[in-house]
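Subject: Structure for you to look at

Dear colleague,

I am passing on the structure we spoke about, and below it I have set out what was found in it. Please keep it open beside this message as you read.

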Amino acid sequence: MEFSEHIKTANVEDVVLQQPLHPPSKGTLCITGHHLLFSDREEKSCRQVLLLLRNIDAVEKRTTESSGTIIIKCKDLRVLQLDIPGMEQCLNIAQSIETLSSLNCVAEMYPFFYRPSNASLQDHWGLSTPERHYTEMEELHERWRLSTVNQDYSVCPSYPPAVIVPKAINDDALKKVAKFRQGGRFPVLCYYHRKNGMVILRSGQPLTGANRKRCMEDELLLQTVIRDSDKGYIIDTRSAQQAQQARMMGGGFESKSFYSNWKRLHRHMERGKTLQESLIKLVDAYGDKSPNMDRWLSKLENSKWMSHIQTALSTAGLLAECVERDGHSVLVHGSEGTDATLLISTLAQLIMDPSCRSLEGFLRLLEREFVQAGHPFQQQCSHSAFSHARLQQECPMFLLLLDCVWQLWCQFPLALGFSEALLLRLATEAYASDYGTFLCNSEMERCALQVKDKTHCLFRALLKPRESEQYTNPLYEPNELAIWPSVHPQSLQLWRGYFLRWTQQTRHLELVQEEIRNMVIEWEKLPLI
């Protein structure tokens, strides 16, 4: 496809741009296949604004006979206004933006065209692999093995080619278990706790159905994990009522009769449309210019976003408590096992494992638990809070994760080796990126499109020296202990840095934080007396 087919007017002079944190400016507007470029033509100014069209969530336009205005609402919550001379030019520009920003062919997205000067497509892609992760965990080798049963993605389309499973369970048994679990997501190891040898597994729901079907291989797999003398926990991210309803639709849960050594705990976590609508209401509350504080607080409460934060952190805390304090292994699943399941397994590892708290350790964790584990980024991050499109599979689960991590960052400012700037960068990149890391919904799709051969890796870029400097926490002090978050309402905060990032007040806070950061760095350079 030629992008030029969708560009009726490629550039317009004398356009006035109004954007947050800057005064209005007049200049030239250009449209390319992937970007909107505004160049300030006023004297003594060489400012340019380059906006990835994929970042645009909604376009609104108003026209008169002689001019028009385009309001651009971005997925990173920016709102831009373009005042364009000429009604026809305005309509042409608006139509081009709407069309090009909504193209869904992954192979035509910008990461396949992005070629930074300081990187090569021959560079190593990613930070780790399941094979490398298994090799590094020598303690696993006695009872666990690396299986390539999914090497052609035929057993589970959303799993990577290699997964860690109990050594006593062969690949033929895994194939039978996969048919008994939703999406083929049979239980796989995602975390080994070095302190006591307990593990976290994740999977899809068992397909017991109304007839209470069994799978002997599935029962044996879970029994092998905990051995005869122990017990384990199953954390189901649905309510008991939802699990019962799922059983009537062909899904289900593990029966006490057949999984007698496993105790099931239900922790209802919202996902899908409910979570997306929560984000929309939250952003709407932030955009309310009404001076009425009661009205604003009411909107904020009605969004229920903070209650989702509280539930996620408390469920992750429960998971970590089962492993760290009680000394039991845990299986986590909901329905598909690709959203809330990944959220709480990631947070629990951050709570327990100090190796996940450095900058590189955290990026490895995200790569392992979200990218490789099959979180559907392409589906869930296709729209943000402004889109007028009918909701389909959009869900801000990854944004919720980053907000929860920010809560941990606030409560334990010395324990995490990365800065808030990293979380903001990741939140932006998940919705629109120059890199291929968050493209597609699974490793199978990335393999089919040769994403790792034809695009660059975001995580690798973030660890380059010039990049990593701004994303490290200068106050970081590695801590071997678990960090237990408080989930009391008074302990949780609104993430101003993200949801109010385009306001003057937040900009002032950023400048203060940067000044403190620089002072700490300079202080560390001083010689010891």
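A crossing of two helices is called left-handed if the near helix is turned anticlockwise from the far one by less than a right angle, and right-handed if it is turned clockwise. With that in mind, and noting that this is a predicted model, let me begin with the helices.

The crossing of α9 and α10 is right-handed. Helix α9 covers residues 340-352 and helix α10 residues 359-371, and their axes come within 10 Å and cross at roughly 155 degrees. Angles over 145 degrees count as roughly antiparallel, and α9 and α10 are therefore roughly antiparallel to each other. On the α9 side the contact involves Leu342, Leu343, Ser345, Thr346, Gln349 and Leu350, which meet Phe362, Leu365, Leu366, Arg368, Glu369 and Phe370 of α10. By character, the residues of this contact between α9 and α10 comprise 7 nonpolar, 3 polar and 2 charged.

Helix α9 also packs against helix α8 (residues 305-325), at an angle of about 60 degrees and with the two axes 8 Å apart, which makes α8 oblique to α9. The crossing of α8 and α9 is right-handed. Among the residues that make this contact are Ala312, Leu313, Ala316 and Leu319 of α8, together with Leu343, Ile344, Leu347 and Ile351 of α9. The residues of the contact of α8 with α9 divide into 12 nonpolar, 3 polar and 1 charged.

Turning to the sheets, one is an open sheet of 7 strands in the order β4-β3-β2-β1-β7-β6-β5, with antiparallel pairing. Its edges are formed by β4 (48-52) and β5 (56-63), each of which has a single partner strand, so one side of each is left without a neighbour in the sheet. From one strand to the next the twist averages 30 degrees. Helix α1 (residues 87-101) packs on this sheet, where it touches β1, β2, β3, β5, β6 and β7, and its direction makes about 165 degrees with that of β5.

Within this sheet, strand β2 (residues 25-31) is mostly covered, as 5 of its 7 residues are buried. Strand β1 (residues 11-18) runs antiparallel to β2 and is joined to it by 5 bridges, and Val16 stands opposite Lys26 in β2. These two strands, β1 and β2, form a hairpin with 6 residues between them, and Leu21 in the turn has a positive phi of about 70 degrees. On to strand β3 (residues 35-40), which pairs with β2 in the antiparallel sense over 5 bridges: here Thr28 stands opposite Ser39 in β3, and a hairpin of 3 residues joins β2 to β3.

There is also an open sheet of 5 strands, in the order β10-β11-β14-β12-β13, with mixed pairing. Here β10 (188-192) and β13 (262-266) stand at the edges with a single partner strand each, so one side of each is left without a neighbour in the sheet. Direction ignored, neighbouring strands of this sheet are turned by 25 degrees against each other on average. Strand β12 (residues 232-236) pairs with strand β14 (residues 329-333) in the parallel sense over 5 bridges, and Gly232 stands opposite Ser329 in β14. Helix α4 (residues 216-226) lies across β11, β12, β13 and β14, and runs at about 100 degrees to β13.

With best wishes

Technical notes:
Residues are numbered from 1 along each chain as its sequence is written. This is a predicted model: local features need pLDDT of at least 70, side-chain atom pairs count only at pLDDT 80 or more; totals for chains, interfaces and linings use all residues. Side-chain values use heavy atoms; hydrogens and water are left out. Axes are lines fitted to C-alpha atoms, for helices over the stretch in contact, and angles run from 0 to 180 degrees between N-to-C directions. Helices (H or I, at least four residues) and strands (E, at least two) are DSSP runs, numbered from the N terminus. Angles under 35 degrees count as roughly parallel, over 145 as roughly antiparallel, 65 to 115 as roughly perpendicular and the rest as oblique. Contact means heavy atoms within 4.5 Å. Ala, Val, Leu, Ile, Met, Phe, Trp, Tyr, Cys and Pro count as nonpolar, Asp, Glu, Lys and Arg as charged, and the others, Gly among them, as polar. Buried means under 20% relative accessible area, exposed over 50%, partly exposed in between (1.4 Å probe, protein chains only). Two strands pair if DSSP finds at least two bridges between them.
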